[in-house]
Structures are given as structure tokens and as C-alpha cells.
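Here are some short exercises on helix packing and sheet order, each with a worked solution. Keep the viewer open and try each task before reading on.

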Number of protein chains: 2
Amino acid sequence: MNFESLNTPAALIDVARMNRNIERMQQRMNALGVRFRPHVKTTKCTQVVDAQMKAGARGITVSTLKEAERFFAGGIRDIVYAVGIAPSKLPQALALRRQGCDLKIVADSVACADAIVAFGREHAERFDVWIEIDVDGHRSGIAPDGDRLLPVATTLVNGGMQLGGVIAHAGSSYDYDTHDELVRIAEQERAGCVRAAERIRAAGLPCDVVSIGSTPTALAAEHLEGVTEVRAGVYVMFDLVMHNVGVSDTSEIALSVLTTVIGHQSDKGWAIVDAGWMAMSRDRGTQRQKRDFGYGLVCAENGDVLGDYLLSGANQEHGIVSRAGTPDRDIAQRFPIGTRLRILPNHACATGAQHPAYHAVGPDGRIDTWPRFYGW
Amino acid sequence: MNFESLNTPAALIDVARMNRNIERMQQRMNALGVRFRPHVKTTKCTQVVDAQMKAGARGITVSTLKEAERFFAGGIRDIVYAVGIAPSKLPQALALRRQGCDLKIVADSVACADAIVAFGREHAERFDVWIEIDVDGHRSGIAPDGDRLLPVATTLVNGGMQLGGVIAHAGSSYDYDTHDELVRIAEQERAGCVRAAERIRAAGLPCDVVSIGSTPTALAAEHLEGVTEVRAGVYVMFDLVMHNVGVSDTSEIALSVLTTVIGHQSDKGWAIVDAGWMAMSRDRGTQRQKRDFGYGLVCAENGDVLGDYLLSGANQEHGIVSRAGTPDRDIAQRFPIGTRLRILPNHACATGAQHPAYHAVGPDGRIDTWPRFYGW
């Protein structure tokens, strides 16, 4: 397949950029002396994950058991399912382990630990469980000094489960945009998770793994003392949210959506394109950041950013391209019908999920189709 | 499959509600004396569209040529592709017509009409083209009194194409929330599209079809004089955006997402569930409406609305359930781990698109799997 024959809208991966992003993160993790476990929820794509493993990743992180099943079928054994497990999903986790998958599951409450213990004992399975630590009040987990920590650890160990370690994700790192703030939140993530591990060990319980990570903190951390592994996902593609956070240049964003101009409203300075929210996702993650990119930043077909043109509006299969600031009333001449543009997305995880496949554009211009999956 | 064995998150269709929604719209269209052409982009699901056709729909509306291909393969011939066609998609449209599909395509510019004429002549195909009319400044189309209208019509007719009619969509109807405003915008949509048809006919050109519609205007219009058909999509499911617009009660929303409680942050009044934005979509369509429902309205497992509990936050596979107003610090007792809840979505088109299949819950509690497709 060649570039010209691509149907639009289409999700493109710039393979050279992707490889540079993978290399940058892996080298950083090597220098910091930790294992790296990429989060595959960003792409759910075999070819991308293969490239991450080949560069030195050790195991993967998943957000659904379907991801675990698919990537285990593809040969990856070391998998952590980084969402607190619903008791009703334990049979699915058991089936994976019985097939030889070294699946780690996550809990942050005595109720969940009790359910794991009861199910594990019933099926004579010693689940490997990591306790989720809440390092920033962002979502799930137990605060490093929280009362719940030792009861959960004790419940698991006394119940015969393997207490594998602790796991944290400083999701609030997405809310910052200066290097100093990122360094601070990265240190908070590290220190909180290490502190939780120390409390568990001080109680005479095992805690081998200390797993932390988010793309911004992974790229900002100054040292990772006490940490054994780092997880990150979106770094493989980057996006406009990460650009606003300050960890990537737009020239490093490896995912874009190819679209075609289908009409104009010249008096308003609008070009209408065939990429709407179905192709971009409804993600408006830059809305509250320092620069609001609408539904995406407009580039020429070759990927060069076109200054101030944004995908300023989106319906299901229609997008509106307009210039930020003063309307471009010559837009019909600038982007005639049939013009192809590329749109950089706000959020690579959300945009990718709208597409059954990526079209990987190699350095030689060759296009490969890289399928991705969805659902649960 | 029974309800208890459903994996979460899962997209549920309440079949009785869906059938009532279909019946309500079809009866209204029958009473107004127009054909009804549902927009299948909402569900992309054979079983749903079969129910719409069986109730009396005449043909379908699609937002992608993939939808046209799939539903034509399923036996539906009369299809309008309601997005202005990119010239590069004409070969795909031609292939459909050569297979016997009565596919109508849409144009709103001389440039696009020229491309259709050139391609049609080259392949000896008389495309059936409808001209898009802009009745509310919302998106694409030519204003009813716009200068472009007759040049586009003339280009098509002189070029040997079939000028089938005019097509309009008052997308701005979603911005209103009183009956009087909806009646007004419905009349604006009708009058504008009829006016465009009259101008074309007055120029001695054909214009058989006058096609209008959106769910709010279809349900608000007081008469449809001069209109031949109406299109609407989301009415088949309804959602919280439509509820805020004022055209449906929450008890009529046929789509919901089944989810399981996986944790709590009791001091904040949060329950964490396994439906995040991947299951709900990133659509925040109620954000600027009279009531902001966050990522959705929380119901009990049986579908009863639970007062003021909202899905107030969402990450990829985590949702945060909390009470609007004062935090519910007893939430861990109210919704223990393992509790199943249903979430009504902001936007049925966007939420459905996140799921490979619907789980259709029949009046007898029986569950059928209804696949849906995505992509282009």
C-alpha cells in the first residue's frame, strides 16, 4: 500500500518518531537503573509492543484482561493488570495463570484481598498480588501512611497469596507544565511508593517490587532509589497533552490522523474535513491546559505543522479546520477540496482507540497496516 | 448468556425501551406524512437497524461508506451518504452503485460537483447527488438563499448527473432546551430546505427530495409541508444530552453501560468502578447544558436511577462514582466492592462506538449479543 491510496480518515504512525520515543525512554530507564514495563493500553498493537520489548522492556502493563490474553497469546508472560481487580474477573485471571501467564493482579482494600484469598484458596491458586498505593489523591490506592496498608498486606500473606509488591501511578502529573513541578511530583510518586514498601517490610512481610510511573514522571525523575520498575504508556506516541505538559515537542508526536478537505465555509474561515470526533475521539484534554488545541493541531500531508490551524470543531464525521485568532477567509484557496492534512491528537490513547488499525509510515515511505484491538 | 454472567464494562440495550423509541418516532413521521430514513451511525448494528426498518423506515442514512457497504450487504439498497463526498471516495461509491446499491451522495460546492461530474463521465455513471443546505450555520452546506446553490445544481445537471434533491441537518437544535425554541429551529430547518428546493425548481431544474432532520427537530416539528423525508439517529437510544434538550425522559434511555465497583476512597465519597472513558467515551456533551452529568448518570443494576450519583470522573479504565453536592462518606457501605451499576451515557453515538457489541436485554431478561462495527 502506498501513501496516496490511503482512505481517510486514517491513523498514521510515524515509525521513525515512534522508535526514537521508545529509545529515549528505554535509555533513560537504563540510566536510572530500573526495569521498564510499558503500558500497552496506549496502542493495543502487536507491532508497537514488539518494538518496545525489543528495545529492552521487561514485561508489560495492561488495563484490561483482554490485553493480557492477547499479548500472552503473542508470547509475553510477565504481565501486570494495573486496575484493581473486580472479584468477578478472578476466573479470567485464574485461566491466564493456569495457561502459564505470570499475571500480577492489584488490590487496594481488605474486601478485595479477602475475595482474592477466598477464590485463590478455593482453586488452590497462589495469586501474585500487588498493593496499589495512592501517591497523589488522584484515583485509587492506599495512601503510603494509610491505615489500610498493613491490613491488606496481612490479609494477602496470611491467606496464602504472594504479596509481590506495591504499585503507584502519579496521574496528577498531567496537571503540571513546568520541569520543577514534574520533578517534584516524580519525587512524590517515588518516595510515597518506597515508603509504603518500607512499611510492609518493617511489618515482616515481603515486598519485592516497587513499581511506579507515568510518562511525565518517568521523564522528569532525578533518581529512582528504592524503585524496581517504571511503567509508562503514552510516551510511545506522545500527543498534544504531553506537549503542553512539557515533555515532548510536536515534532516527536508519532500519531496523527490523515484527513481530506471536503468543503468550506469561506466567510467563516472554515475548511470542513472528513475527520470528526469518531476519528479523533472526543478527548479535549488540552481544554484546561496552557494551550487549547481544540480537537487537534493541523499539519500538512507531510507532517509539517501549519502554524495556527486547529481542528476547532468536530461532529461525528465532520471536522472544522480554522485558524486560531483571525479567520482565514482564503482558506478555500489554501486548502482546496481534496487537500490532505494530518491532525496531531490531544490524546494518543483515546485517538488510537477509534481506529481498527494503524497505518505505519516507514522512513522509506512504505505503509504497513498494524491492526489494533478494542473491547473487553 | 444470562445477565449475571456478563463481563463488565458492557454496553446494554434495553430492547423494550428501544422498541418504544422506534415506534414513537415512526408514528410521528407517519402522522406528519413523511418518509423516515434513520441515521444508522448511532448504532452500526444490524439488529437495531432491522427493527427500525420493520417499523416502517424507508432507506437509511450513513456517515461512512463502510456503513453503506455493510448495510447494503445486509439487504438495504436505498442509502444516503450524508457527508459531503471527498473526490477520492468516488471509486468506492461507484463500486457500490455498480453492485446495485441505490447510493445517494452529497455535495455543497462547485468544486465537488465538478469532481463528481468528471468522475461520473469517465465511468459512464449517473450519480444521484443531493445538495447540502445549511439551515443554521452549524457546519457544512449552502445557505438557502446562497449564491452557490444554483451553480452547484446547474453543474450537476449539465454534467449529466441526477440532481436528486436537497438535504439539511439543523445540528444546532442540540443547543436548545425549551419546546418553543425547538419548534422554532425545526421550522427554520424545514423552511430553509424547502426554500432551497423551490429555488432549484424555479430555475427549471429537478429537486424531488427534500430531506431534513435531527432528533430534536423531528420530535418538535409542528408540520412538514414541502418535506419528503426526515432523518434522525440518536432517538433510537436517546441519552443525557437529549434529556437535557428536553426530548426524552431518563426512563426512555435505552443504552447504558454495566459496570462493577472495584474500590473506594471513602473520605472523598468516591466509589471506583471499572467503566472509565474507554467504556463511556470522552463525550462531555452535557458540560454546557443545564445539567452537567459528568461522564454519566448512575443507576442500580436493574436500571433504576439512583438520584444524584454521577460518574464524576473517568480515566481509561477507571470511573469515579460520587454524589453530586455533599460527598457520601458511606459510599463503601452503599456500593460495596462487586456491586454492579448501570451508567446512562451523555451521548449514545459516542458511547456505543467504544464497544464491539451491544448486549441486548429482552423484556424476559434474556441477553442477546448484537455486534456492531467501527472504522472506515
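## Exercise 1: An annotated stretch

Residues 254-362 of chain A are 12% helix and 40% strand, and the C-alpha atoms at the two ends are 11 Å apart. The model you are looking at is predicted.

**Task.** Which domain does UniProt list for residues 254-362 of chain A?

**Solution.** The unreviewed UniProt entry gives this stretch as "domain: D-serine dehydratase-like".

## Exercise 2: Strand order in chain A

**Task.** Find the order of the eight strands in the open sheet of chain A, then work out which strands stand at the edges.

**Solution.** Step one is to trace the sheet: the order is β2-β9-β8-β7-β6-β5-β4-β3 in chain A, and the pairing is parallel. Step two is to look for strands with a single partner. β2 (35-36) and β3 (60-62) of chain A each have just one, so one side of each has no neighbour in the sheet.

Now zoom in on one pair. Strand β4 (residues 78-81) and strand β5 (residues 102-107) of chain A run parallel and are joined by three bridges. To find the register, start from D78(A): opposite this residue, in β5(A), is D102(A). Finally, add a helix: α4 (residues 90-98) of chain A lies across β5 and β6 (128-133) of chain A, and its direction is at about 155° to β5(A).

## Exercise 3: The sheet of chain B

**Task.** Work out the strand order in chain B, and say how many bridges join β6 to β7 of chain B.

**Solution.** Begin with the whole sheet: chain B has an open sheet of eight strands in the order β2-β9-β8-β7-β6-β5-β4-β3, paired in parallel. At its edges are β2 (35-36) and β3 (60-62) of chain B, each paired on one side only. Next take β6 (residues 128-133) and β7 (residues 162-168) of chain B, parallel strands linked by six bridges. One of the bridge partners to check is A168(B) in β7(B), which pairs with I133(B). Helix α6 (residues 149-158) of chain B packs on the sheet and touches β6 and β7 of chain B, with its direction at about 175° to that of β6(B).

## Exercise 4: Three helix pairs in chain A

**Task.** For each pair, decide whether the helices are roughly parallel or oblique. Two packed helices are described by the angle between their axes and the distance between the axes.

**Solution, α5 and α6.** Helix α5 (residues 110-122) of chain A packs against α6(A) at about 5°, with the axes 9 Å apart. Angles under 35 degrees count as roughly parallel, so α5(A) is roughly parallel to α6(A). V110(A), A113(A), D114(A), V117(A) and R121(A) of α5(A) meet P151(A), V152(A), T155(A), L156(A) and N158(A) of α6(A). By class, the contact has six nonpolar, two polar and two charged residues.

**Solution, α6 and α7.** Helix α6 (residues 149-158) and helix α7 (residues 179-202) of chain A pack at about 55°, their axes 10 Å apart. This angle makes α6(A) oblique to α7(A). Their crossing is right-handed. L149(A), L150(A) and A153(A) of α6(A) touch A196(A), R199(A) and I200(A) of α7(A). That contact counts five nonpolar residues, no polar ones and one charged.

**Solution, α1 and α2.** Helix α1 (residues 15-32) and helix α2 (residues 46-54) of chain A make an angle of about 40°, with axes 9 Å apart. Therefore α1(A) and α2(A) are oblique to each other. The crossing of α1(A) with α2(A) is right-handed.

Notes: Residues are numbered from 1 along each chain as its sequence is written. Chains are lettered from A and ligands numbered from 1 in the order in which they are written. This is a predicted model: local features need pLDDT of at least 70, side-chain atom pairs count only at pLDDT 80 or more; totals for chains, interfaces and linings use all residues. Side-chain values use heavy atoms; hydrogens and water are left out. Axes are lines fitted to C-alpha atoms, for helices over the stretch in contact, and angles run from 0 to 180 degrees between N-to-C directions. Helices (H or I, at least four residues) and strands (E, at least two) are DSSP runs, numbered from the N terminus. Angles under 35 degrees count as roughly parallel, over 145 as roughly antiparallel, 65 to 115 as roughly perpendicular and the rest as oblique. A crossing is left-handed if the near helix is turned anticlockwise from the far one by less than a right angle, and right-handed if clockwise. Contact means heavy atoms within 4.5 Å. Ala, Val, Leu, Ile, Met, Phe, Trp, Tyr, Cys and Pro count as nonpolar, Asp, Glu, Lys and Arg as charged, and the others, Gly among them, as polar. Two strands pair if DSSP finds at least two bridges between them. UniProt positions are given in the numbering used here, feature names are shortened, and annotations may be inferred rather than shown by experiment.
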